[in-house]
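Here's a quick briefing to read with the structure open beside you. It goes from strand pairing to chain A as a whole, then on to symmetry and contacts.

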Number of protein chains: 4
Amino acid sequence: MEINGVRIDDTYAEAFPIFVSRVIITAASKRWAYKAAMESTGFATSCIGCAAEAGIDYYMPPQETPDGRPGFAILICNPKKEKLKEQLIERIGECILTAPTTATFNGITDAPEKLPVKLHFFGDGYEHQVKVGDRSCWAIPIMEGEYITEEEYGVVKGVAGGNFFVMAENQMAALAGAEAAVDAIEHVRGAILSFPGGIVASGSKVGSKKYAKFMKASTNEAYCPTLKGKVPDSKVPDGVNGIYELVIDGVDAKAVATAMRDGIRAACTVPGVKVISAGNYGGKLGPHQFKLHEVLK
Amino acid sequence: MEINGVRIDDTYAEAFPIFVSRVIITAASKRWAYKAAMESTGFATSCIGCAAEAGIDYYMPPQETPDGRPGFAILICNPKKEKLKEQLIERIGECILTAPTTATFNGITDAPEKLPVKLHFFGDGYEHQVKVGDRSCWAIPIMEGEYITEEEYGVVKGVAGGNFFVMAENQMAALAGAEAAVDAIEHVRGAILSFPGGIVASGSKVGSKKYAKFMKASTNEAYCPTLKGKVPDSKVPDGVNGIYELVIDGVDAKAVATAMRDGIRAACTVPGVKVISAGNYGGKLGPHQFKLHEVLK
Amino acid sequence: MEINGVRIDDTYAEAFPIFVSRVIITAASKRWAYKAAMESTGFATSCIGCAAEAGIDYYMPPQETPDGRPGFAILICNPKKEKLKEQLIERIGECILTAPTTATFNGITDAPEKLPVKLHFFGDGYEHQVKVGDRSCWAIPIMEGEYITEEEYGVVKGVAGGNFFVMAENQMAALAGAEAAVDAIEHVRGAILSFPGGIVASGSKVGSKKYAKFMKASTNEAYCPTLKGKVPDSKVPDGVNGIYELVIDGVDAKAVATAMRDGIRAACTVPGVKVISAGNYGGKLGPHQFKLHEVLK
Amino acid sequence: MEINGVRIDDTYAEAFPIFVSRVIITAASKRWAYKAAMESTGFATSCIGCAAEAGIDYYMPPQETPDGRPGFAILICNPKKEKLKEQLIERIGECILTAPTTATFNGITDAPEKLPVKLHFFGDGYEHQVKVGDRSCWAIPIMEGEYITEEEYGVVKGVAGGNFFVMAENQMAALAGAEAAVDAIEHVRGAILSFPGGIVASGSKVGSKKYAKFMKASTNEAYCPTLKGKVPDSKVPDGVNGIYELVIDGVDAKAVATAMRDGIRAACTVPGVKVISAGNYGGKLGPHQFKLHEVLK
């Protein structure tokens, strides 16, 4: 299979279940909502070393938010529900409640289950209940004025680790291809890219050969361009000298598949991109498989 | 004391010791260095609820960095040295090593002590040593190419919790004053603002009166404009209806004092700003006291 | 009429016919499309002193553009059709053709009339025709590779000068209200804000009293907060000390009315905003009248 | 000559005299100063088709500006002094006076000659004189409050058309190299890049072969990668498939030479960049020659 002359490998991304909540952050302007969204989704690339995976899902113009102000919907994800609850409390409490002009609302109203996030205790008894549309919220007096927040956030069983590789003639073409993919996936509701700028420069394998005693993950030498010809099992195609991976978490398999499709198509518009592939563990680890040729149909 | 008609309270900020390391992040462009800096300093507003306090210290043009590429110097801070070391490993490993085109270098070369950050194990034996100028680094093969990094980061005993309050006629004037202060402090080397966009909307007091059993911190009702007239000890001045706090961490007391001075002066250029004050605990908790009238001399 | 406690004056914006074309700029990434959009819509606030009025209409994700790359739709406007044609040629030729990775497409395909913009001559005979979807384009060899462009741009008779005033307790609250309005109007397709950041700080009246010989426009003293009490006919309401104007150009009256409605609603979410009004000339100059109470229904 | 394995051609950039003024734009925040700077330097890539060449020279933190607020210094350039004066009036009047919270100051105080820019007439008699430090300014009542401005701007005989070419394996590597150069040149005071994002995608030759009657400039086919092998005089080196040009205007030859040096060095850090060259007319047209091997010494 080819798109714009780019070869699409006949392989699949292997992915995993993860619990996901969505928080709508509104603010006096798009800009302040963005700053809170960035802080609250920071240090959240991979649950291997971070307490959560998180990212901006999509921008909500004033016309679409509960309080008529500009906002960003973010996703926060963790394989364990209890840890997700903790992360919601800490990330909202430390990074959004503290941010100028923000308010927070549940972003998955039809979820079967909700996690309690009792921020009103910060009000020390001075808080009071208010309605925003038909949402029951708390108004907490703070130094800037009042912080408005819901206290229950829907949680769903989503999908972590959807992915694809952008392989190109050289590093900069691969990066430009990955960036185009990021631009496309930004537009897909229900899917996030938790890595910096949406892109992974250093895809890893599980465990380590040389430092197995203390390393849970290490470089995936089969996909390192500088090791081509030096490792026996290199999977770097001929003519490829730079590879980036996009890793996608989503509220469901459909969101992840859509993100993969739209991201790959965008990457294939960039000159110098040669091959699209994907990462898996032979189907042994993750219950979800996203076949490239199927998602691109 | 007055600046541009803004009253400067005769009070002081009370601050605390904290361990601080600086990481220089370079990348192929300013933009990619910025993305890595934002991810690695995210979820790091206050050690009350985050594993570190962190922020961008300053931008380094290509002319100033070890490898001639654009970069950002970030500070990562923790009251415990061992925790700081862990945070360096996790934040560099998860948020910078994974980011496109980045390299990392020690940003306090003359520190008396250095923390080991052994990232080369990620290379699983394929890594090799290289020199960047006279710095000893590791080159780790990854999917994009090679990641270059130093493995020792200077640590100094810095200062956490330098602060001042911007008090204004209304919320938006206070926010604009705070933003001008952020713009000024960005230019002060050795000082960071770890909160979202550099600004705290919800200054807190230690502990809680009503929910004392489980709340370590709660809203500082004395400084809440909406509680003026409702709490007996309100410290919100007449004519003030919006307050923001700037909290500064720095590599030393001088950097914090300079940041306070330049930040306050900038805030005082914004129309509607009425009073500058600062937060302290009566001098009982922190060994550092920054008197507003002295730093502004 | 009131929204969130903000008084909406019972008045109207008076507006004028203008010719409008829309150019779709695509690029390898959202970021490069944005840079070209900013350059090509710069120095284009008002036809009083600029050769065009221009601005970004809306962002187009890769999923929506003719070539599957991210893009921005811009509007370029001039009261005279011939001048609009000249401006299309110069702004595309100098500011988009020259910009990295861009391509340009007609953004009003169903317009009754089209303006020729013959950029292929730049190719000096080396250009060739190509199809992008079902659009007939030229591919022009340039130093980066090839520039792809359509050569006919639809033109419609639109509306210039839709407007409203955001009046607030002080300057910074007015500015924050205006900024929220900009965030909302960004989401309205078919309408632009041609002034810097979308906001006018210095609304003007036609002509001049003191310098009538050489000034076509001068400050609108009736709306200057610092002149309240000093000019006989001040229209600055009690309690208002800062005013910003939003001026809207659109492809038709409906787009302008929608932008006014959504912008006003967003401005009314910002604390400190007191009154919304609008500018007109007593109905003597412009054929379009947008009554605030009607557009807000 | 080589830098990081990149060949530096033994050639020179040929450049021209141009009149240059610098305007310091300050605002309530860096962000608003930036918006005014972008609008006022837009549609100003080349005097071939624009009324001026203009760009941001450097950012000025609050600590460095006349009024203690954040600012940007911009350069506005034109080969004719009278046209430069007109452009100063129109660009300041239409794009900065109209922008939120701005003020404007002369950025070349030691220039031998000054151009009058009499904006105070906009005040229609309500304006008054004020001092900002030791600068004599006008305060003009406007809707947001007051606009402060100087009315004389120093003009110097500078240099236009300093340039170099970034030639790379493919388009995206060339673009990344050019972007690194932009990041470096941003730090050089006295030099601007007037093209979109600082980069030229479509370098031109004087005149046209096929359309000589009406085209003043056309594509420089000798430097078009897609025409290699199709034109007799191709100057695209072997292995090069993408080229971008950086064109520099400066207040003097030293600023241009420094910008060329720092920009080239930064471009040479990007993988995939192969050759740096420069554009000239055989020395027949411009009095300035910047030899690459000399500026890089």
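Two strands count as paired here if DSSP finds at least two bridges between them. With that in hand, take strand S3 of chain C (residues 12-26): six bridges tie it to S11(C), and the two run antiparallel. Keep in mind that this is a predicted model.

**Strand S11 of chain C and its partners**

- S11(C) covers residues 152-168, and 13 of its 17 residues are buried, so call it mostly covered, given that buried takes 20 or more other C-beta atoms within 10 Å of a residue's own.
- On the S3(C) side, Ser21(C) has Val155(C) of S11(C) as its bridge partner.
- Val155(C) turns up again with strand S7(C), since it is the bridge partner of Glu113(C) too.
- S7(C) itself spans residues 113-116 and is joined to S11(C) by four bridges, with the strands antiparallel.
- How many bridges join S11(C) to S15(C)? There are eight, and S15(C), residues 242-250, runs antiparallel to S11(C).
- In that pairing, Ala168(C) sits opposite Gly242(C) of S15(C).
- Strand S16(C), residues 273-277, is antiparallel to S11(C) as well, with four bridges between them.
- Here Met167(C) has Val275(C) of S16(C) for its bridge partner.

**Chain A as a whole**

- DSSP gives chain A five helices and 17 strands.
- Its radius of gyration comes out at 20 Å, close to the 19 Å the globule rule gives for 297 residues, so chain A is as compact as a globular protein of that length.
- Along the principal axes, the C-alpha atoms of chain A fill a box of roughly 65 × 45 × 30 Å.
- Of the 297 residues in chain A, 66% count as buried.
- Take the contacts in chain A with a separation of 6 or more: 73% of them are between residues 24 or more positions apart.

**Helix H4 of chain A**

- H4(A) is a 15-residue helix, residues 253-267, and it reaches 21 Å from first C-alpha to last, close to the 21 Å expected at 1.5 Å a residue.
- Is H4(A) largely enclosed or exposed? The rest of the structure largely encloses this helix, because 13 of its 15 residues are buried.

**Where chain A touches chain C**

- The contact draws 23 residues from chain A and 23 residues from chain C.
- On the chain A side, H4 and helix H3 (171-185) each put in at least two residues.
- Which element gives the largest share of that side? That's H3(A), with five residues.
- Sorted by class, the chain A side has ten nonpolar, six polar and seven charged residues.

**How chains A and B are related**

- In general, a rotation about an axis and a shift along it relate two copies of a chain.
- For this pair, a rotation of 180° with 0.0 Å of shift along the axis lays chain A onto chain B, with an RMSD of 0.0 Å.
- The two copies are therefore related as by a two-fold rotation axis.
- Within chain A, Gly42(A) has the C-alpha nearest that axis, 1.9 Å away.
- Both copies use the same surface, as 100% of the contact residues of chain A recur in chain B.

Key:
Residues are numbered from 1 along each chain as its sequence is written. Chains are lettered from A and ligands numbered from 1 in the order in which they are written. This is a predicted model: local features need pLDDT of at least 70, side-chain atom pairs count only at pLDDT 80 or more; totals for chains, interfaces and linings use all residues. The expected span of a helix is 1.5 Å times one less than its number of residues. A residue is buried if 20 or more other C-beta atoms lie within 10 Å of its own, exposed if 12 or fewer, and partly exposed in between; C-beta atoms are placed from the backbone. Two residues are in contact if their C-beta atoms, placed from the backbone, lie within 7 Å. Ala, Val, Leu, Ile, Met, Phe, Trp, Tyr, Cys and Pro count as nonpolar, Asp, Glu, Lys and Arg as charged, and the others, Gly among them, as polar. Copies are superposed by least squares on the C-alpha atoms of residues with pLDDT of at least 70 in both. The radius of gyration is taken over C-alpha atoms; the globule rule is 2.2 Å times the number of residues to the power 0.38.
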